[in-house]
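Open the structure in a viewer and keep the selection panel at hand. The stops below say what to select next and what is there.

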2 protein chains.
Amino acid sequence: MSNLIQTGDNADITKERRNATFDIHDMSLFLYGSEEILKRRKEMLAFVKSKPEFNDPIPTEFMNREQRVDNGARKIVAMTDNTDEIDAGDFFGEGMYFQGLIMGRDLHPMSLHYVMFLPTIQGQSDDEQLDEWLPLTISRSFVGTYAQTELGHGTNLSKLETTATYDPKAGEFVLHSPSITAAKWWPGGLGKSANVAIVVANLYTQGECKGPHPFFVQLRDYDTHEPLKGITVGDIGPKLGFNTSDNGFLLFNNFRIPRRNMLMRYAKVLPDGTYIKPQHAKLAFGTMVFVRSIMIKDQSTQLAAAACIAKRYSAIRRQGEIKQGAGEVQILDYQTQQLRIFPVMARAFCFMFAAYEIRDLYMKVTEQLGEGNTELLPEIHALTSGLKSVVSYEVALGIEQCRMACGGHGYSQASAFPEIYAYAVAGCTYEGENIVMLLQVARFLMKAAEEVMNGKAKLADICAYLAKRGANKSRLRTADEYRGDVIIEDLEHVARNQVFRAYDSLKRKEKEMPSEEAWNKTAIELCKASRWHVRLYLAKNFLHKISTAKGAIREPLENLARLYAFDIITSSHGEFLRGGFMSEAQLDELKGGFYTLLERLRRNAVAIVDSWDFDDKELHSILGKRDGNVYSSLLDWAQQSQLNRTQVLPTFNKYLGPMMKEGRSKL
Amino acid sequence: MSNLIQTGDNADITKERRNATFDIHDMSLFLYGSEEILKRRKEMLAFVKSKPEFNDPIPTEFMNREQRVDNGARKIVAMTDNTDEIDAGDFFGEGMYFQGLIMGRDLHPMSLHYVMFLPTIQGQSDDEQLDEWLPLTISRSFVGTYAQTELGHGTNLSKLETTATYDPKAGEFVLHSPSITAAKWWPGGLGKSANVAIVVANLYTQGECKGPHPFFVQLRDYDTHEPLKGITVGDIGPKLGFNTSDNGFLLFNNFRIPRRNMLMRYAKVLPDGTYIKPQHAKLAFGTMVFVRSIMIKDQSTQLAAAACIAKRYSAIRRQGEIKQGAGEVQILDYQTQQLRIFPVMARAFCFMFAAYEIRDLYMKVTEQLGEGNTELLPEIHALTSGLKSVVSYEVALGIEQCRMACGGHGYSQASAFPEIYAYAVAGCTYEGENIVMLLQVARFLMKAAEEVMNGKAKLADICAYLAKRGANKSRLRTADEYRGDVIIEDLEHVARNQVFRAYDSLKRKEKEMPSEEAWNKTAIELCKASRWHVRLYLAKNFLHKISTAKGAIREPLENLARLYAFDIITSSHGEFLRGGFMSEAQLDELKGGFYTLLERLRRNAVAIVDSWDFDDKELHSILGKRDGNVYSSLLDWAQQSQLNRTQVLPTFNKYLGPMMKEGRSKL
């Protein structure tokens, strides 16, 4: 980080860095947590850069789909050859960074092998199965994927159509796709790369359906890689993003597998077809919480990258004059540009701190689970479902804000925005569709509200505000004094109000119609309640976190956290005016405070994004280059365009050339 | 349209169509304006479908960039061979539809030849030049483009760096790019297709800079298509969308052109270098208004397409149960799904009606200009700048809402959403960046506010509300009675308040600092004022338009228009609570009304989008297919994936195969 300012850099960006009021290194330390982590980032970066096999021969945006898939396979083999270089037990930290440096913003042919296939083998196989499959998985003797979702069926698992019917005579399961909608659809790597899969199918034995269970299924010949007889498998075609990944489809035509290919740690089918029920309910909540902490960290990193690109570009881009004759200004000086980018930056910090907190909660829960204590689980599960939803949506919006703030150049793939957006916005849909998630949170909140109404709520910290009796007026006096607890009280007031408004509305409707219908007719209000619950948590955690910062980084961090809170309040000010909780004068004061915060954050705008320690390799953006030499790099980048390999494209002689010749001949 | 229901269709979608309360044909008629237009759409569609040369050999999403460019050139030659088939004078109607059917959602190598090059030749050449260049342009003897924007310079034309220096000895202009930032950047077709261009450069003669002027420049050899000496030209690389178009860059190295290549209808340079100033200010406002009416029509069509896809898919997709045991429901029955899609549909109608209105205003203005009357111009120019900004942004948001409402399948290119989004969202940036546009509107509004304050406002219809003295309480009683004028009054109140709040804030700041700085520090409030001004216009025009509908289509149209207004009010309810203009009880009443409207629109949900008369060819979406047979079509579509051309990809033997073999050998 000491080398952020170098000879030959764009003068404007150097000026920004010299003007910063704090030391970047201190901010990075606060953001990432320890000197050791920062050191390891440097080491991993140097290692990746030093190995040609981790790098792309040409930027991936100039490759067609086949080339991207080929390049991805090449890199993933190289990457998994070198896992000794990192602490594989620390995926949240080292694993994500290492993978991101090598694979960029994309999945790879073995994403699901590691993220879903391996954990399922570990968690659901009995000991004998584990002995057989685990070494093969770890030694990369096959490439696995996880096939659950079907063409016609997503969140509602009980409706999966793929069947696994036990045939006691042969001692085999018959896997079958009874219709087109039963086709497995979407699993990463399934199309072309994987040769085995965990397939989730409805188990039938002795004439009865026992619900969805996982099976280990070989899909392709281990040597020739041809699909086995009875298997139809292929790529599902291009997507908005992730086009290095061969997400696939899979159809079974009475395909037989041995009985012991059913994963039997919990449920079992005996040779005669007797079904043995699982003894313990599966506790997958813990893993889901961990996956979400990773997701939220990933999302906040993408958002910070977008803000970094937009800020650096806005520092070097000069356009228009504010004072006539004073020359064109850096577009970062426009209030409207600050509005587009600074709140996005604040959100990136906020979400990153939430990711850390969730990871810590996960560790706490895991410890408690070990002691048989499941008390915290529902609350944390609800919180993370909501966080996933709110964060992914705001990240998507924020990335597009940053992109549009860069004008025409933001639309070019040279900016990296199209790639960042396609990658991040998928998070609104996978790992639980956002609206479904919000409604899950609402289930929990309505239960909590009911308990509060009945006076027997036992709420842990995150939800305690629901049982609090808050003030009926905001304590806001001046925007400058509006900090910490006073802000939190106000957000609590609005979150609590919305939760109980939704609760009352639900109860009213339940008197008139069946409760499921009442739920559906209250769904929009319920989602709102969930969003406020999550926003409150995010703001609280952010304000708390920055209160621990020391020295020169404290002020910019406070400005960011307060900008985040002021933004939420002013952009939803109707909720705060309700019942006279805030007066219009208070809101106008807050609006003024919001504009003042934009001004205050201007000076450190570039330093704040520098502190995320993005290397140019990681950012992969011409507009966001450290040195600010954007224009010459854009030209260099463009020269590599597929279309620039010849001066005259073959198409000229086929179509436009003859057309023009004919045109001239007529005159 | 009579054949919307066919044998073999998905049963759910047929049920939807049978349940409609109105005749689709009546709605199409209301939407498009006349039987003749509907007939012509059918004829053009049949013609395009009948000619193989207009159609793609494989869907474009399976082509790489080179193939797309080749395919685009092939189709554009075929298309321009057949312009006799349409009324070329009616681009707003026939031209756009014809081009959209053939080119899809993309530009083509001759987009700028027709949209910018030709009109500039027509408008800026003197008679002699016109005689020379116009026949060549129309006969397609060359392919032209329009090169103005530079790598480092966009909206601020006065800072363009490209110079055209007159050399009186040779009687030539010397075109030169003094730096990298002077490179022309973005012009469509410039990279590989165009061989001539209108280049805008700063004119220097007799040692003085005379500002930017247009020049006709040959870029490539007419026969070999090789770039001429002194010209560096190429493609700027892949973008978020429009990848059939070879947007290009262009650098001049002391490139000479004859004096008469300067377009001389207005300004002139005589052989001795004497500069003759233009006699008339150019009146380009009119054309801009027309271009925007086209843009708004295009944007609303894209939004309607997105809503059409999302609604049809939500009609055939069944997932989850509302009543237990009653089977999975159509996801269109979920209130949250309705919230995502129905307001988007309402906006599409609203924007389309605005496009018609702007086209009519354009014709009125053109007539008035002919009579030397420029009275309406500033107001309409401001309005269309604002419309362009508000419409393009809401269209982009709406498309993504629709995409996410379709879950995982929405993320696939089979849905067409990625293409629709990339195409439409560009509209936020081109033809005037959205924030710059909003600030232009604000200039006009501040002038109007000043005039109102001084009691001498002469405001035409669109702005008359600024001088009105409205009530200080909303007349809203029940949501059901909340219609027409009462809604408009309330929107006027809020728009007027925001305009004057921004005005007051600007005036206050102007006392403390230079007015340019004050402007910048009020910019966010100014943009808000512009947005309310536009929203008011949109709602007013929508409510007015539907009040002319007769028969069974009236009710669904009223529901749509009121949904649009209720949505605006409830989602910005803080503005309506201010000063006690609305009470909380009124707002809650309105919210209830909003949910009721969603329910009422449910029954006609599919019929309403059917009435847009999208053929499957135009929609180009598997999820949005007329027949609702989505799943089998998804599978057929996926089979065409580039990766499915062989069962085993070459990459298997290079990387994953050897890796697995090694893994197995170790065990």
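The tour goes from the two chains to a sheet in each, then to aromatic rings, charges over rings and one serine. Keep in mind throughout that this is a predicted model.

**Stop 1: the two chains**

Colour chain A and chain B separately. A turn of 180° with a shift of 0.0 Å along the axis lays chain B on chain A, and the RMSD is 0.0 Å. The two copies are thus related as by a two-fold rotation axis. To find that axis from chain B, select B:Gly574: of the residues of chain B, its C-alpha comes closest to the axis, at 1.7 Å.

Next, show the interface. Of the interface residues of chain B, 99% are also interface residues in chain A, so the copies meet through the same surface.

**Stop 2: a sheet in chain A**

Select strands 4, 7 and 8 of chain A. They form an open sheet of three strands in the order 4-8-7, and the pairing is antiparallel. Strand 4 (184–185) and strand 7 (231–235) of chain A are the edges; each has a single partner strand, so one side of each is left without a neighbour in the sheet.

Now zoom in on strand 7 and strand 8 (residues 248–252) of chain A, which are joined in the antiparallel sense by five bridges. One place to look is A:Gly234, whose bridge partner in strand 8 of chain A is A:Phe249.

Which helix of chain B packs on this sheet? Select helix 22 (residues 630–639) of chain B, which touches strand 4, strand 7 and strand 8 of chain A. The direction of this helix makes about 115° with that of strand 8 of chain A.

**Stop 3: the sheet in chain B**

Move to chain B and select strands 4, 7 and 8. Here too is an open sheet of three strands, with the order 4-8-7 and antiparallel pairing. The edge strands are strand 4 (184–185) and strand 7 (231–235) of chain B, and each pairs on one side only.

Between strand 7 and strand 8 (residues 248–252) of chain B there are five bridges, and the two strands run antiparallel. Label B:Asp235, which stands opposite B:Gly248 in strand 8 of chain B. Then label B:Gly234, which stands opposite B:Phe249 in strand 8 of chain B.

Is strand 7 of chain B mostly covered or mostly uncovered? Four of its five residues are buried, and the strand is mostly covered.

Add helix 22 (residues 630–639) of chain A to the view. This helix lies across strand 4, strand 7 and strand 8 of chain B, and runs at about 115° to strand 8 of chain B.

**Stop 4: aromatic rings**

Show the side chains of Phe, Tyr and Trp. Over all chains there are 54 aromatic pairs. Take A:Phe173 and A:Phe215 as one of them: this pair is edge-to-face, with 4.9 Å from centre to centre and 70° between the planes. The pair links distant parts of the chain, 42 residues apart, with A:Phe173 in strand 3 (residues 172–176) and A:Phe215 in strand 6 (residues 208–218) of chain A. Both A:Phe173 and A:Phe215 are buried.

For another pair, select B:Phe142 and B:Phe216. Their ring centres are 5.7 Å apart and their planes are at 55°, so the pair is tilted. B:Phe142 is in the loop between helix 7 (127–138) and strand 1 (144–147) of chain B, while B:Phe216 is in strand 6 (residues 208–218) of chain B, 74 residues apart. B:Phe142 counts as buried at 2% relative accessibility, and B:Phe216 counts as buried at 6%.

Return to chain A for a cluster. A:Phe30, A:Phe349, A:Phe353, A:Phe542, A:Tyr564, A:Trp612 and A:Phe614 form one aromatic cluster.

**Stop 5: charges over rings**

Stay on A:Phe30 and add A:Lys545, which lies over the face of A:Phe30 at 5.2 Å from the ring centre. Then select A:Trp532 and A:Arg535: the charged end of A:Arg535 sits over the ring of A:Trp532, 4.5 Å from its centre.

**Stop 6: a serine in a helix**

Finish at A:Ser385, in helix 10 (residues 377–405) of chain A. Is A:Ser385 buried or exposed? Its relative accessible area is 0%, so A:Ser385 is buried.

Beyond its neighbours within four places in sequence, A:Ser385 is in contact with A:Arg292, A:Met437, A:Gln440 and A:Val441. Last, select A:Met288: A:Ser385 and A:Met288 are 97 residues apart in sequence, and their C-alpha atoms are 9.1 Å apart in space.

How values were computed: Residues numbered from 1 in each chain as written. Chains lettered and ligands numbered in written order. Predicted model: local features only at pLDDT ≥ 70, side-chain atom pairs only at ≥ 80, totals over all residues. Heavy atoms only, no water. Least-squares fit on C-alpha atoms with pLDDT ≥ 70 in both. Contact = heavy atoms within 4.5 Å. Pairing = 2+ DSSP bridges. Axes fitted to C-alpha atoms, helices over the stretch in contact; angles between N-to-C directions. Phe/Tyr/Trp six-rings, centres within 6.5 Å; stacked < 30°, edge-to-face > 60°. Buried < 20%, exposed > 50% of the residue type's maximum accessible area, 1.4 Å probe, protein only. Lys NZ or Arg CZ within 6 Å of the ring centre and 35° of its normal.
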